[in-house]
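Colleague: I'm new to this one. Could you walk me through how to read its features?
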Amino acid sequence: MPFGYEPPKDDRKGSLIYYDTFEHTTERELDLSADIAKERSFSKLVLYPLHEETVRRMTKESVSAYYKREDKLFEWKRERGEESIVVERLEGKRKKYTPIDSALRHLTQNYPAPHFLFVSSETANLFASFSSFEEWIVKVRLILIMEPSKLHPRLEQYRHRWESIIHA
């Protein structure tokens, strides 16, 4: 190695965290998240599927088994063939309800900053309704798939901390 050699700087920074049930997520939406991660030079795209208990406690809706949704994500990841995509398995290991605070704490500690949360408009409104939202919105930015037709007041208050990909 010659004197004064400096390794090339990595232009890729941060993590795009796709926080979702992945029950009704299409390949097109997964591709959209991967394209955004590549376009904005994120070093990681983290797919975070929610456990059935978490979904039940947050939304009262029922979803298919965690392992089925996780298998779908691993299959899509194999087809994409990109090493920067990670399927986070925290909820699969815990096998119980994981509050969004615990999930975000785990994700922000284990993946490079800055952190962007890629969520549906329903999840964004739900997240904004939690008491810890104001603590987290200054640490993470939100990217919404579509702007909600009805905004939670806290989302309106922190409009500068989020953006939507598809405008209604």
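Modeller: Sure. Start with a cut-off: a residue is buried under 20% relative accessible area, exposed over 50%, and partly exposed in between. Keep in mind that this is a predicted model. Take Glu 75, with a relative accessible area of 44%: that value falls in between, so Glu 75 is partly exposed.

Colleague: Where is Glu 75 found, and which residues form the negative surface patch with it?

Modeller: Glu 75 sits in helix α3. Its companions in the negative patch are Glu 27, Asp 71 and Glu 79. Helix α3, residues 66-80, gives the most to that patch, with three residues.

Colleague: Now salt bridges. How many are there in the whole structure?

Modeller: The idea is a side-chain nitrogen of Lys or Arg within 4 Å of a carboxyl oxygen of Asp or Glu. A search here finds 13 of them. One joins Asp 31 and Arg 80, at 3.2 Å from N to O. Asp 31 belongs to helix α1 (residues 27-39) and Arg 80 to helix α3, so this pair ties together parts that are 49 residues apart in sequence.

Colleague: What other partner does Arg 80 have?

Modeller: Arg 80 also forms a salt bridge with Asp 35, where the closest N and O atoms are 3.6 Å apart. Asp 35 is in helix α1 too, so here the linked parts are 45 residues apart in sequence. Arg 80 is partly exposed, at 23% relative accessible area, and Asp 35 is partly exposed at 40%.

Colleague: And which salt bridge could I look at inside helix α2?

Modeller: Try Arg 56 and Glu 53, which meet at 2.7 Å, N to O. They are three residues apart in helix α2, so about one helical turn separates them. Going back to Arg 80, shared partners join Asp 31, Asp 35, Lys 38, Arg 80 and Glu 82 into one network.

Colleague: What about the inside? Which element gives the most to the largest nonpolar core?

Modeller: A core like this is a set of buried nonpolar residues joined through side-chain atoms within 4.5 Å. The largest has 28 residues, and those with the most contacts inside it include Tyr 19, Phe 127 and Leu 155. Among the elements that each supply at least two residues are β1, β2 and α6. The top contributor is α5, with four residues.

Colleague: Where should I look for backbone oddities?

Modeller: Check the peptide bond from Ala 113 to Pro 114: it is cis, with omega near -5 degrees. Pro 114 is in the loop between α5 and β4. Then see Lys 60, a residue other than glycine with a positive phi near 70 degrees, in the loop between α2 and α3.

How values were computed:
Residues numbered from 1 in each chain as written. Predicted model: local features only at pLDDT ≥ 70, side-chain atom pairs only at ≥ 80, totals over all residues. Heavy atoms only, no water. Patch = residues over 30% accessible without salt bridge, like charges linked within 9 Å, V, L, I, M, F, W, Y side chains within 5 Å. Areas by Shrake-Rupley, 256 points an atom, 1.4 Å probe, with all protein chains shown as cover. Lys, Arg positive; Asp, Glu negative; His and termini not counted. Charge placed at Lys NZ, Arg CZ, Asp CG, Glu CD. Buried < 20%, exposed > 50% of the residue type's maximum accessible area, 1.4 Å probe, protein only.
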